[in-house]
Amino acid sequence: MLNVIRKRRSVRAYLRREVEERKLKEVLKAAMCAPTSWGTRAWEFVVVSDPEAKKALSTSTAHARFVRNAPLVVVICYNIKTGRRFREDSSIAAEHIHLEAVNQGLASCFVQVADAGEPPGSAEPFVKKLLGIPEEFRVQCMMPLGYAVKGPGEHTDDEFDPGKIHYERF
Ligand SMILES: Cc1cc2nc3c(=O)[nH]c(=O)nc-3n(C[C@H](O)[C@H](O)[C@H](O)COP(=O)(O)O)c2cc1C
């Protein structure tokens, strides 16, 4: 497991290579194994492959420009009428997506939507309107999926910082 965790990096450049349906399904299965507050499983996932829609998504924030070049983008949204902790649940599902993507030989990056955009907060209504996401849903982030142009460096044990760990009391 730590092997996959070390390989997980934020990748922002993707090959022009389709993501196999089988791999996408494994990634989405991983998302739906994520823990949720009160077991509500209030997330839903919009898989976007349409070039025009991806282009529009890439304009939603200044930090989403590269999204247009990913073969697929998974937008994570969350029904606030049935769920309770949209940021936490969506973000954990995003990490499951990211890790299973790496496990499948793919790459991804957490791209913030909630509170993002210029002016701040503009990205979420823009994405909701673009993708027809219902009013009662929030959007936390989107996860582009694709094959990395170049394998990024892995995380290493050098990043392990014992100084950040406190036993019993801070
Ligand atoms: C909550 C959160 C929001 C992020 N938002 C963006 C984003 O909007 N655009 C982007 O390119 N990367 C975004 N990232 C990725 C971070 O920049 C990245 O995880 C960090 O630089 C560490 O690099 P690594 O993921 O390769 O370990 C986000 C990451 C997190 C956890």
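Visitor: Is S2 buried or exposed, residue by residue?
Guide: Seven of the eight residues of S2 are buried, so the strand is largely enclosed by the rest of the structure. Bear in mind that this is a predicted model.

Visitor: What sheet does S2 belong to, and what's the strand order?
Guide: The sheet is open and has four strands, in the order S1-S2-S4-S3, with antiparallel pairing.

Visitor: Which strands stand at the edges?
Guide: Strand S1 (43-48) and strand S3 (111-112) do. Each has a single partner strand, so one side of each is left without a neighbour in the sheet.

Visitor: How many bridges join S1 to S2?
Guide: Six bridges join S1 to S2. One pair to look at is glutamate 44, whose bridge partner in S2 is cysteine 77.

Visitor: And how many bridges between S2 and S4?
Guide: S2 and strand S4 (residues 137-145) pair over eight bridges, again in the antiparallel sense. Valine 75 has methionine 142 in S4 as its bridge partner, and tyrosine 78 stands opposite arginine 138 in S4.

Visitor: Which strands does H4 lie across?
Guide: H4 lies across S1, S2 and S4, and runs at about 15 degrees to S4. Helix H5 (residues 123-131) also packs on the sheet and touches S1, S2 and S4, but its direction makes about 80 degrees with that of S4.

Visitor: Different topic. At what angle do H2 and H4 pack?
Guide: Helix H2 (residues 21-31) packs with H4 at an angle of about 145 degrees, and the axes are 8 Å apart. The crossing is right-handed.

Visitor: Which residues make that contact?
Guide: From H2, Glu26, Val27, Ala30 and Ala31 take part. From H4 there are Ala93, His96, Ile97, Leu99, Glu100 and Ala101. By class, the contact has seven nonpolar, one polar and two charged residues.

Visitor: Back to the end of S2. Where does isoleucine 80 sit?
Guide: Isoleucine 80 is in the loop between strand S2 (72-79) and helix H4 (86-103).

Visitor: Why does it count as partly exposed?
Guide: Isoleucine 80 counts as partly exposed because it has 14 C-beta neighbours inside 10 Å; a buried residue would need 20 or more.

Visitor: What is isoleucine 80 in contact with, leaving aside neighbours within four places in sequence?
Guide: Its contacts are then Phe86, Glu136 and Arg138. Lysine 25, by comparison, is 55 residues away in sequence and 25 Å away in space, C-alpha to C-alpha.

Visitor: Any backbone oddities? Which residues other than glycine have positive phi?
Guide: Tryptophan 38 is one of them, with phi near 60 degrees. Arginine 41 is another, with phi near 45 degrees. Tryptophan 38 is found in the loop between H2 and S1, and arginine 41 is in the loop between H2 and S1 too.

Visitor: Are those two buried or exposed?
Guide: Tryptophan 38 counts as exposed, with 11 C-beta neighbours inside 10 Å. Arginine 41 is partly exposed, with 17 other C-beta atoms within 10 Å.

Visitor: And where is the cis peptide bond?
Guide: A cis peptide bond joins glutamate 118 and proline 119, with omega about 5 degrees. Proline 119 lies in the loop between S3 and H5.

Visitor: Last thing: which residues surround the ligand?
Guide: The ligand is surrounded by Arg9, Ser10, Arg12, Thr61, His63, Ala64, Cys109, Phe110, Val111 and Gln112. That shell divides into four nonpolar, four polar and two charged residues.

Conventions. Residues numbered from 1 in each chain as written. Predicted model: local features only at pLDDT ≥ 70, side-chain atom pairs only at ≥ 80, totals over all residues. Helix = DSSP H or I, 4+ residues; strand = E, 2+ residues; numbered from the N terminus. Buried ≥ 20, exposed ≤ 12 C-beta atoms within 10 Å, placed from the backbone. Contact = placed C-beta atoms within 7 Å. Near = placed C-beta within 6 Å. Nonpolar A, V, L, I, M, F, W, Y, C, P; charged D, E, K, R; others polar. Axes fitted to C-alpha atoms, helices over the stretch in contact; angles between N-to-C directions. Left-handed = near helix turned anticlockwise from the far one by under 90°. Pairing = 2+ DSSP bridges.
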